[in-house]
Amino acid sequence: MWKKLTESADYLLSRTNIRPLTGIVLGTGLGNLINDVSITNTIPYSEIPNFPVTTVEGHHGNLIFGHLGGKPVVAMQGRFHYYEGFSMVETVFPLRVLKLLGIRQAFLSNAAGGINPDYQVGEIMVIRDHINFFPESPLRGKNIDELGTRFPDMSEPYDRNLIRIAHSVAAKIGITLREGVYLGNPGPSFETPAEYTHYRMIGADAIGMSTIPEVLAARHMNLPVFAVSVVTNVAIPGNFSENTHEEVQIAANRAASDMAKLFKGVIMESPYQI
Ligand code: HPA
């Protein structure tokens, strides 16, 4: 695995002069952050040795190298989901490669169902903590000692400094920013009304099918994580309606420009890019 990771990283280092300090993962329908990046190189996943290839509709498969708010970044346009059939180890392969390129922080986004009754479609929730319902961990198996320790700490999965900065950026640019707990389900089916109710009872504010694998891999590598959910549908007692991928994409697209502004603002002020 270590050899495969270094092979992919060496390839990318030979294809771009950008040395990114931030790795960005764009969730479903949230790709338009790319419009704010002054792009130096676009590298299709299919050209990168050992990279998996995305399949799901609405997800592109490119690594974008450039600058956002004047800072060097690499953005994954399209992520790898467990529900597509990738193993947990495959889903985190790209983020591990980005770490080898030198990133100092991971910025993750996803589309999610809001189960906190205060939340509305189109709002953004910064993730403070998570509950993991994936059936296994990307860290299971022989530890890759070059990346991190066997038993990673998870007492602060989401970086408190970055969350604090996000609240001040949100106030400055005039967007409502929620803060809450993300629950990750393997999917691909959406939840039943009883499941949404159950997840609310155990302390979740939003539910999605991604992000947690990357957070586990990032914390293993000791990378600070900043993650947000865009609320694309709400599911609360008295308001359970049909969920579709199209509805999720449309709602995410609408909120994508707010999310882009937030990411840009936090990246500009983050203390970790040294
Ligand atoms: N559940 C799980 N994943 C999701 C949802 C949801 O309601 N909305 C967007 N992604």
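In the description of the pocket lining below, Ala, Val, Leu, Ile, Met, Phe, Trp, Tyr, Cys and Pro count as nonpolar, Asp, Glu, Lys and Arg count as charged, and the others, Gly among them, count as polar. The structure considered here is a predicted model.

On these terms, the lining of the largest pocket divides into 10 nonpolar residues, 10 polar residues and two charged residues. The largest pocket holds about 320 Å³ of space, and of the 22 residues that line it, those closest to its centre are Y83, F190, M209, H245 and V248. Two or more residues of this lining are given by each of the elements β5 (105–114), β8, β9 (225–234) and α6 (245–269). Among the contributors, β5 provides the largest share of the lining, with four residues.

The backbone shows several features that call for individual description. Most residues other than glycine have a negative phi, and most peptide bonds are trans. Against this background, N50 has a positive phi of about 75°, although N50 is not a glycine, and T211, likewise not a glycine, has a positive phi of about 70°. Both residues are found in loops: N50 lies between β2 (38–44) and β3 (62–68), while T211 is placed between β8 (206–208) and α5 (212–220). Their surroundings can be described by accessible area. N50 is partly exposed, because its relative accessible area of 31% falls between the limits of 20% and 50% that bound this class. T211, by contrast, has a relative accessible area of 0% and is therefore buried, the cut-off for that class being under 20%.

A further backbone feature concerns the peptide bond that joins G187 and P188, which is cis, with an omega of about -5°. Of the two residues joined by this bond, P188 lies in the loop between β7 (177–184) and α4.

The helix that follows this loop, α4, spans residues 193–201 and includes M201. With a relative accessible area of 69%, M201 is exposed, since the class begins over 50%. M201 also takes part in a nonpolar patch on the surface, which it forms together with F133 and I202. Taken together, F133, M201 and I202 have about 310 Å² of accessible area.

Notes. Residues are numbered from 1 along each chain as its sequence is written. This is a predicted model: local features need pLDDT of at least 70, side-chain atom pairs count only at pLDDT 80 or more; totals for chains, interfaces and linings use all residues. Side-chain values use heavy atoms; hydrogens and water are left out. Patches are made of residues with over 30% relative accessible area and no salt bridge: like charges are joined within 9 Å, nonpolar side chains (Val, Leu, Ile, Met, Phe, Trp, Tyr) within 5 Å. Accessible areas come from the Shrake-Rupley method with a 1.4 Å probe; for residues, only the protein chains shown count as cover. A salt bridge is a side-chain nitrogen of Lys or Arg within 4 Å of a carboxyl oxygen of Asp or Glu. Buried means under 20% relative accessible area, exposed over 50%, partly exposed in between (1.4 Å probe, protein chains only). On a 1 Å grid over the protein atoms alone, a cavity is a set of points where a 1.4 Å probe fits but cannot get out, and a pocket is an open set with protein on both sides within 12 Å along at least five of seven lines; lining residues have an atom within 4 Å of a point. Grid points are joined across faces, edges and corners, and a volume is the space filled by probe spheres set on the points.
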